[in-house]
Amino acid sequence: MSYPFLSDAWFDAVETLRDKAPTAPEEVADVAVNMVVTGGPDGDRALHFAEGRFDRGLVDGAPTTVTMPHRVARSMLVDLDPEVAITAFMTGEIQVVGDL
């Protein structure tokens, strides 16, 4: 069954899979990044990557906040398409505030 990317149902499904996920690599264990995804079907969504996983909302103390359109976030995080990310960053669709 599929769920719309970043919908509440999508996050609920992700949460049910967390216990089955491998431990995060040591290189990203201490990384914290906030994301604001704009223009999605459910409106703008705030999420974060911390301790090797994505979760809802913003995390206190993250040194970086990245803002991008829903289409770009989906291409990066679901389709794993690096070209979309590179193009979006170069054209200003991805905005970074804080520690680049």
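These exercises work through the sheet, the helices, two turns of backbone and the empty spaces of one predicted model.

Residues are numbered from 1 along each chain as its sequence is written, and side-chain values use heavy atoms, with hydrogens and water left out. In this predicted model, local features need pLDDT of at least 70 and side-chain atom pairs count only at pLDDT 80 or more, while totals for chains, interfaces and linings use all residues.

**Exercise 1. The sheet**

Find the strand order of the open sheet, and work out why β3 and β5 have one side without a neighbour.

Step 1. Know the terms. Strands (E, at least two residues) and helices (H or I, at least four) are DSSP runs, numbered from the N terminus. Two strands pair if DSSP finds at least two bridges between them.

Step 2. Start with β1, residues 32-40. An antiparallel pairing with β2 (residues 43-50) has 7 bridges. Within it, Met35 stands opposite Leu47.

Step 3. Take the pairing of β1 with β4. This one is parallel, with 6 bridges. Thr38 has Pro69 of β4 as its bridge partner.

Step 4. Move on to β5, residues 95-98. β4 pairs with β5 over 4 bridges in the antiparallel sense. Thr67 faces Gln95 there.

Step 5. Assemble. The order is β3-β2-β1-β4-β5, 5 strands with mixed pairing. β3 and β5 are the edge strands; each has a single partner, so one side of each lacks a neighbour in the sheet. On average, neighbouring strands are turned by 25° against each other, direction ignored (axes are lines fitted to C-alpha atoms, for helices over the stretch in contact; angles run from 0 to 180 degrees between N-to-C directions).

**Exercise 2. Faces and helices**

Sort the residues of β4 into a covered and an uncovered face, then state what covers the buried residues of α2.

Step 1. Set the scale. Buried means under 20% relative accessible area, exposed over 50%, and partly exposed in between (1.4 Å probe, protein chains only).

Step 2. Read β4, residues 64-69. Thr64, Val66 and Met68 form the covered face. Thr65, Thr67 and Pro69 form the uncovered one.

Step 3. Turn to α2, residues 70-77. His70, Val72, Ala73 and Ser75 are buried. Their cover includes β1, β4 and α3 (82-90).

Step 4. Check α3 through Ala88, which sits in that helix. Ala88 is buried, at 1% relative accessibility. Beyond four places in sequence, Ala88 touches Val72, Glu93 and Ile94 (contact means heavy atoms within 4.5 Å). Ala88 and Val72 are 16 residues apart in sequence, yet 7.1 Å apart in space, C-alpha to C-alpha.

Step 5. Finish with α1. This helix lies across β2 and β3, at about 135° to β3.

**Exercise 3. A charged residue**

Decide whether Asp55 is buried or exposed, and list its contacts.

Step 1. Place Asp55: strand β3.

Step 2. Its relative accessible area is 15%, so Asp55 is buried.

Step 3. Leave out residues up to four places away in sequence. Asp55 then touches Phe11, Glu15, Arg18, Leu47 and His48.

**Exercise 4. Positive phi**

Compare the settings of Leu6 and Glu51.

Step 1. Recall the background. Most residues other than glycine have a negative phi.

Step 2. Leu6 has a positive phi, near 70°. Leu6 lies in the segment before α1 and is buried, at 2% relative accessible area.

Step 3. Glu51 has a positive phi, near 55°. Glu51 is in the loop between β2 and β3 and is exposed, at 64%.

**Exercise 5. Pocket and cavity**

Describe the lining of the largest pocket and of the largest cavity.

Step 1. Define both. On a 1 Å grid over the protein atoms alone, a cavity is a set of points where a 1.4 Å probe fits but cannot get out; a pocket is an open set with protein on both sides within 12 Å along at least five of seven lines; lining residues have an atom within 4 Å of a point. Grid points are joined across faces, edges and corners, and a volume is the space filled by probe spheres set on the points.

Step 2. The largest pocket holds about 410 Å³. Its lining has 16 residues, with Arg18, Ala21, Gly52, Arg53 and Phe54 nearest the centre. α1 gives the largest share, 4 residues.

Step 3. The search finds 1 cavity of 30 Å³ or more. The largest cavity holds about 40 Å³. Among its lining residues are Leu6, Asp42 and His70.
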